[in-house]
Amino acid sequence: IGVTGVQTCALPISAGNKQIALAWTAPSMSVASYNIYINGVKNNVSTVTSTSYTITGLTNFTAYTNITVRSVDGSNISVDSNAVSATPVLDSPVITTTAGNRQITVNWSAISNATGYNVYVGGVKNNVSLVTGTSYTVTGLTNGSSYSITVKAADGVSESVASNTSS
């Protein structure tokens, strides 16, 4: 006798910094646990008894496809749920700015796994090389003018989504 499988997987699904969070609806019959698979390879080491699981240790900006869940009841394992895909990305910085004479200083908290940051003024990258700290001063500005500033975390491969915008 087979086990009724998880029909709906990963609603909602969210991709974060080196991880993908999954949630699913339990099948109508009682099951003991669940196994999570990426491309047919079991991902969870320990038993998953809840209807959510976070896959960790992933590579940012790499697409992970064919993520499925299977119900387990003793030696019976269901067929795969519907498959989902996700791409983990770096978290986005949250910035604050302080205006000065012909300059604006931008500050942000460090983002885990980032190797540096790029500062954008009006959508154009302002720094010549990757900023390795958590502060940057944009200079050569006109006093009394408004500037749209964002920051993106970088990891050597790609960049995060832009931070909040400060004007």
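Biologist: Why do β11 and β12 count as paired strands?

Modeller: Two strands pair if DSSP finds at least two bridges between them, and two bridges join β11 (residues 116-121) to β12, so the definition is met. The strands run antiparallel, with V121 opposite V124 and Y120 opposite K125. A strand here is a DSSP run of E with at least two residues, numbered from the N terminus. This is a predicted model, where local features need pLDDT of at least 70, side-chain atom pairs count only at pLDDT 80 or more, and totals for chains, interfaces and linings use all residues. Residues are numbered from 1 along each chain as its sequence is written, and side-chain values use heavy atoms, leaving out hydrogens and water.

Biologist: What lies between β11 and β12 in their hairpin?

Modeller: Two residues do, and G122 in the turn has a positive phi of about 60°.

Biologist: What makes β12 and β14 edge strands?

Modeller: The open sheet has the order β12-β11-β14, and β12 (124-125) and β14 (149-154) each pair on one side only. β11 also pairs with β14, over six antiparallel bridges, and V121 stands opposite I149 there.

Biologist: How do you know what surrounds β11, and why is it described as largely enclosed?

Modeller: Buried means under 20% relative accessible area with a 1.4 Å probe on protein chains only (exposed is over 50%, partly exposed in between). Six of the six residues of β11 are buried, so the strand is largely enclosed by the rest of the structure. G116, N118 and Y120 point one way, while Y117, V119 and V121 point the other way. In a regular strand, side chains alternate between the two faces of the sheet.

Conventions:
Helix = DSSP H or I, 4+ residues; strand = E, 2+ residues; numbered from the N terminus.
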